[in-house]
Amino acid sequence: MSQAAYNKMWEDAQKDLDIQLQKEREEFLQPENDHEKVFKMLTTSYIKYMQIFRSLEMAHDQLMHQQKRAVIRQVLDGVMGRILEIKKEMVELENSEFHYVDNILVDLKLLPEVLEVPIPRYFIKERMEVLQQREKMLDQILLNAGLQIQEPVKTMTTEEAARLIQVAERARQGRCRAALMKKLYLEDKRQNQTEPQVETGPSPDDAATCIQKVWRGYNQRQKTQKMREEEMIFLGMTLPPHLMATSNSQMHARQVNTLQSEVQERHEEVPIKDKLREMEGLHMKETLQDQIGQCFIESRHIVGRFPDYPTEKAGGSKALFTDKTPEEILAELAEKKMMELQKKAQKGKNEARKEKPKEKASQKTGSKPPVEEEGWKMAPSNFLSIMEEGNRQYKVFWQNREKGWDFHQDHDPELIKAEKREEVEEEIRVQVDELMQQKLMNLKLIVDGEKSHKQKKGKKSEKEKKTTTKKKINEMEEDLTPDRTIDSLYEELVENGLVIKAQTVNLSDYVGSQIVHEKAPLVKALLLAGPAGVGKKMLVHAICTETGANLFNLSASNIAGKYPGKTGLQMMLHMVLKVARQLQPSVLWIGETEKVFSKGARMAEEEANPGRLAKILPKFLKVLKAQDRVLLVGTTDRPFDANLKPFCDTYKKIILIPRPDYSSRFVLWKHIILQNGGTITNLLDISSLAKVSDGFTQGHIVQVVQAVLSELRLLQMTRKPLRTEEFVTSLATQDPVYKEEEETFKAWYDKTPLGKARIRALAGGKKPGEGKTSAKKGKK
């Protein structure tokens, strides 16, 4: 696609966003009692925002223009945050992390693919250099500590070397002998062709008949094969050839993407700022001096004395600038006085009310007035203002702008001038403030005879310095490693196996970026529960791969014997938190997390006691703030072994991962076979494999495919295609997830807070928003 196409994609996305924002103002502000209507509104908005998100993400990734990408990025962050807010409302409304929206997708004539959350590519692209340096540093630390073995040059014994030379020499002699025999054979054949040959063999009619038989058989087999392929394409069982092969246009698109990345990464130093300072700097300086001097004169005319010059912290001369007339300033001063008098009067009334006895509290009535239910209402959003501001910038700056473009144009000089002009004005203002502050002091001394308040201000600043110093001292006392650098702490954690290298795994789920993480519904801890083999650990590695996050392994088996005692554990978590915050985003993984919260953990020895982590984890999570992109992820295949209350108190968000259904198994079989070097032909029935593997997990399928596709079997692939029965035989050796185990997981999940809320809602038939209202009343 061309740049014009991506500009059009951005334009269409902004139009859809404008319509969606208008709908939110009309629909979400009104209370609603109909549960189905509320869920449909939320789901429709969720799908619409997801479509907008996809278009904006694609435009942001492909456009060259830096200023356009900055505007898109702002709107993109707002849309991502709004998606998370709507998802939170859907979870609270349905009391479930999973939602069934098939009917809504049918009404909108959309495919289920629109619900898949794409990972924004700028997560990794913008931090590629940092991530590469960190990976090199991690590899070097692991090598130095002996935890990672570099591929060494294999040393051989004399016998092995002699045997290798013998094999090579015998192979060389065999090739020479074969070449000689071929030469002799060709010479004999040439001599035989020169001698007269007696015609022997079948007649021409018999030869023609034989040729016809062979040709007709070959031709019919080709027709039958073609008809079978066309039938499979018609039934939707296989893809058309043009979709399976890599076309020239795709190759060209890859080359264009490479060139686009080079242009996007190019940062040209445009000397616009220096030119502005040279051409307009003197005029700016004179204008600022005239404006500040006029403010001095008007202030003395109104108040009767020269004003105090605002400090740099208060904004300097910016605080003096106003577009109001002297009469308006006098009216504002009078209004402030009236407000102060009203506040004093109101304060007196409140004190008088406190002194009066509470008659209503003492009187007991037999009946309470009925409370009217307002119904469901959308919670306030932190991202609507961001989206509206981005939408406004688009309409003002870009909607009606010149749409011609140059592939190598990555900035707009006119917009840069406007931005740089503000920076130049700010630099000149600082210089002007120093001059005008001295001028004001001279005016006060000459006209009003006032002395400088420099000494008093100096004393105040000293007090402020002392207070700041005390705060810093307190912070240093809380820091258990004040004299150590982040690199040294990182190295120690790597050597002790607490920081591990994440496997390269792709993810189809989204972790917001910084602004989204700060303002979106905060999730500090996440639990992934499910049978063994459903891909819980794989998801942890995928999160780290897609977001470029550090991976800390705090599993009970990994920390056993390291940092013993209570102080040692506190030191370990302090180091982990310090490094995780500094090198964020970070993921803290606790595998087999049920052991940390189980009853048997308390009875273990102190150094190997997994339960010692359960006591300090809640305090650890309280320290994490909204701006910290640090996520605690626990994985377990036996959550029912843990004490439920502390378990759920730590992990506020719990996702139960079931075994895969038919469609998932179909995709899994096909993907894993191709990933391991296999070739899928018509002799391999993927649909049958997906049916017979009901009850098996992703891990089972991976083990089966790897067992079948050995090195020898891959070599035989061309002459002996894969068959269905090969995988069925290997699958029979695996133990599936039985129904009793699934029921155990469901029963456990029903005991979690979200599971209980869903059961209560289904049993009592609560209306939307009722659960939230009662919860708030209970807190009061």
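In this predicted model, the buried residues of helix 19 are Lys536, Val540, His541, Ala542, Ile543, Cys544, Glu546 and Thr547. These buried residues pack against helix 5 (122-125) and against four strands, namely strand 2 (525-529), strand 3 (550-553), strand 4 (586-591) and strand 5 (630-636). Helix 19 comprises 12 residues (residues 536-547), for which a rise of 1.5 Å a residue predicts a span of 16 Å; the end C-alpha atoms lie 17 Å apart, and the two values therefore agree. Gly548, just after helix 19, adopts a positive phi of about 70°.

Two helix pairs towards the N terminus involve helix 3 and are set out below.

| Helix pair | Packing angle | Axis separation |
|---|---|---|
| Helix 2 (residues 35-62) and helix 3 (residues 66-94) | about 155° | 9 Å |
| Helix 1 (residues 3-27) and helix 3 | about 40° | 12 Å |

An angle over 145 degrees counts as roughly antiparallel, and helix 2 and helix 3 are therefore roughly antiparallel to each other. Helix 2 passes helix 3 in a left-handed crossing. The residues of this contact comprise 19 nonpolar, 4 polar and 7 charged.

With its angle of about 40° to helix 3, helix 1 is oblique to helix 3. The crossing of helix 1 past helix 3 is left-handed. On the helix 1 side, Asn7, Trp10, Gln14, Leu17 and Glu24 take part, meeting Lys68, Val71, Ile72, Val75, Val79, Arg82 and Ile86 of helix 3. The residues of this contact divide into 7 nonpolar, 2 polar and 3 charged.

Key
Residues are numbered from 1 along each chain as its sequence is written. This is a predicted model: local features need pLDDT of at least 70, side-chain atom pairs count only at pLDDT 80 or more; totals for chains, interfaces and linings use all residues. Side-chain values use heavy atoms; hydrogens and water are left out. Helices (H or I, at least four residues) and strands (E, at least two) are DSSP runs, numbered from the N terminus. The expected span of a helix is 1.5 Å times one less than its number of residues. Buried means under 20% relative accessible area, exposed over 50%, partly exposed in between (1.4 Å probe, protein chains only). Contact means heavy atoms within 4.5 Å. Axes are lines fitted to C-alpha atoms, for helices over the stretch in contact, and angles run from 0 to 180 degrees between N-to-C directions. Angles under 35 degrees count as roughly parallel, over 145 as roughly antiparallel, 65 to 115 as roughly perpendicular and the rest as oblique. A crossing is left-handed if the near helix is turned anticlockwise from the far one by less than a right angle, and right-handed if clockwise. Ala, Val, Leu, Ile, Met, Phe, Trp, Tyr, Cys and Pro count as nonpolar, Asp, Glu, Lys and Arg as charged, and the others, Gly among them, as polar.
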